[in-house]
Amino acid sequence: MGCNSQDQEFDKQSQKINEFLQNVEHKIVVMSGKGGVGKSTVATNLAVFLSNQGYKVGLLDVDVHGPSIAGLLGLTGLRLNIIDDLIQPYQYTDNLKVVSIQGMLDQPDDPLIWRGPVKIGIIRQFLADVAWGPLDYLIIDSPPGTGDEPLTVAQTVTGCQAVIVTTPQEIALADVRKSIKFCQKVNMPILGMIENMSGFVCPDCGNRHEIFKSGGGEKTAVAGNITFLGRLPIDPGVVAAGDAGRGIDSLIGHTKEAMQHIVDTMLNQFNKNQKGVDLKMKIAIPLAGGKLCAHFGHCEQFAIVTVNDGNIVAQEKLTPPPHAPGVIPNWVADQGCTDILVGGMGEAAQDIFRQRGVNVLGGAPSDTPENLVALYLRGELTDAGTTCNHDHEGHDCGNH
Ligand code: ADP
């Protein structure tokens, strides 16, 4: 084939890619400086959680040397069909379509030994020749580092934004700084950073142990003027879920909530970017004696704190209606609250908040609303779960 016809082919493919991308609302590439930090786990679970929330999501694994998405979703051995010259993505659920290079290998364990141009070609093909259909989110899992694959994504996927995953260790953070520089060089906006394997919540005592000194990811994000999307703890359940081909949504408790918090923060970030202003937050805190009251359903008052541009701009104290199932969560949501900080809360109340789009942070200590909001805004209030502790006086956290 002559150069001209090759150019024409390339242009035709670029046109197909652009036609597809015009039907994708948000494009996100998940990157990491290092391998093994949980990048594929995060990419997979971003896709799973977003699709669970009703968004149409495509998950594309371009980690051609170590494709792990198929395994993480229990699709090992999956073959992708081609109908009418179009690759058919695997329909994981109604809302989630998955394409991985693994689906095109004869032997899933075969190593892929491909040079740059071949890798670039296959990534472009996954964007041009897949029957994705319209999507709200395209999540792309790219190999670690700053090689051909993230470069191809940055150059080909117009409007793509990066989510960077790191672990707390300095050695991982050093590589993250390279990823940040890479994004700046190729003009790809960074949507935010996630610190994975950040502390360990003991399943026996429920306490959080800082195995590595956590918080480095957030500090690196702040230093680079990047939004910190949140942290995921080390949790043997994450490995078990991944090995069994299930998402973190199948777990119970803290890690699932931490993942939900990351997704909520990311969604807020989109709102913020689209509006060009910081999202206004209204944070509810149940009070007794001026401090957070552990019994959410039986508190005296609620502090409703309005935050704009990261600053507290208003605070009011409101008396809730009498306790009855479902009443208080709906009342809090009716006040326009975006977030609620609590000690504990029952499942039913959590469900209502989720349905009403209010973020719940559990396990908050007894402190004043000002102090709690300041900690929350700095990302220093770790969601320790919303387990409801019934006390010996028969009180509960209410709203079951
Ligand atoms: P990467 O894509 O960065 O190479 P993976 O997502 O494949 O990393 O994860 C590597 C291993 O670490 C997997 O076995 C995965 O289950 C495990 N893992 C990822 N995140 C966590 C976590 N928060 N807690 C425990 N194990 C994790």
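**Exercise 1. The shell around the ligand**

Task: How do the residues of the shell around the ligand divide into nonpolar, polar and charged?

Solution. This is a predicted model, in which local features need pLDDT of at least 70 and side-chain atom pairs count only at pLDDT 80 or more, while totals for chains, interfaces and linings use all residues. Residues are numbered from 1 along each chain as its sequence is written, and side-chain values use heavy atoms, with hydrogens and water left out.

Begin with the classes: Ala, Val, Leu, Ile, Met, Phe, Trp, Tyr, Cys and Pro count as nonpolar, Asp, Glu, Lys and Arg as charged, and the others, Gly among them, as polar. With these classes, the shell divides into six nonpolar, six polar and two charged residues.

Next, consider the members of the shell, where a residue is near the ligand if one of its heavy atoms lies within 4 Å of it. There are 14 residues around the ligand, and those that come nearest are Gly 36, Lys 39, Ser 40, Thr 41 and Pro 233.

Then look at individual atom pairs, bearing in mind that a polar contact is a pair of N or O atoms within 3.5 Å; within protein, one must be able to donate a hydrogen and the other to accept it, and residues adjacent in sequence count only if both atoms are side-chain atoms. A polar backbone atom of Gly 38 is 2.9 Å from an oxygen atom of the ligand, and a backbone N or O atom of Lys 39 lies 2.8 Å from an oxygen atom of the ligand. At Pro 233, a backbone N or O atom lies 2.8 Å from a nitrogen atom of the ligand.

Finally, the ligand taken alone exposes 560 Å², of which the protein buries 80%; such areas come from the Shrake-Rupley method with a 1.4 Å probe, and for residues only the protein chains shown count as cover. Helices (H or I, at least four residues) and strands (E, at least two) are DSSP runs, numbered from the N terminus. Two or more residues of the shell come from each of helix H2 (39-52) and helix H8 (236-243), and the largest share, three residues, comes from H2.

**Exercise 2. The nonpolar cores**

Task: Which residues have the most contacts inside the largest nonpolar core?

Solution. Buried means under 20% relative accessible area, exposed over 50%, and partly exposed in between (1.4 Å probe, protein chains only). A nonpolar core is a set of buried Ala, Val, Leu, Ile, Met, Phe, Trp, Tyr and Cys residues joined through side-chain atoms within 4.5 Å.

The largest core has 77 residues, and those with the most contacts inside it are Ile 28, Leu 46, Leu 60, Leu 138, Ile 139, Met 188 and Met 266. A second, separate core of 18 residues includes Ile 304, Ala 333, Ile 340 and Phe 353.

To follow one member, take contact to mean heavy atoms within 4.5 Å. Leaving out residues up to four places away in sequence, Met 188 touches several residues, among them Val 29, Met 31, Ala 154 and Phe 182.

**Exercise 3. Helix H7 and the loop after it**

Task: Which residues of H7 are buried, and which elements are included in what covers them?

Solution. The buried residues of H7 are Gly 216, Gly 217, Glu 218, Thr 220 and Ala 221. Their cover includes strand S8 (160-166), helix H6 (170-185), S9 and S12.

After the helix comes the loop between helix H7 (216-223) and strand S12 (228-231), where Asn 225 is found. Phi of Asn 225 is near 60°, a positive value in a residue other than glycine, and Asn 225 counts as exposed at 74% relative accessibility.

Met 197, in the loop between strand S9 (190-195) and strand S10 (200-201), likewise has a positive phi, near 55°. With a relative accessible area of 28%, Met 197 is partly exposed.

**Exercise 4. Two further residues**

Task: Is Asp 129 buried or exposed, and with which side chain does the side chain of Asp 129 make a polar contact?

Solution. Asp 129 is found in the loop between helix H4 (116-128) and strand S7 (135-141), and at 12% relative accessibility Asp 129 counts as buried. The side chain of Asp 129 makes a polar contact with that of Lys 16, at 2.9 Å.

For a second case, turn to Pro 369 in helix H12 (residues 369-377), which counts as buried at 2% relative accessibility. Pro 369 and Phe 302 are 67 residues apart in sequence, and their C-alpha atoms are 9.5 Å apart in space.
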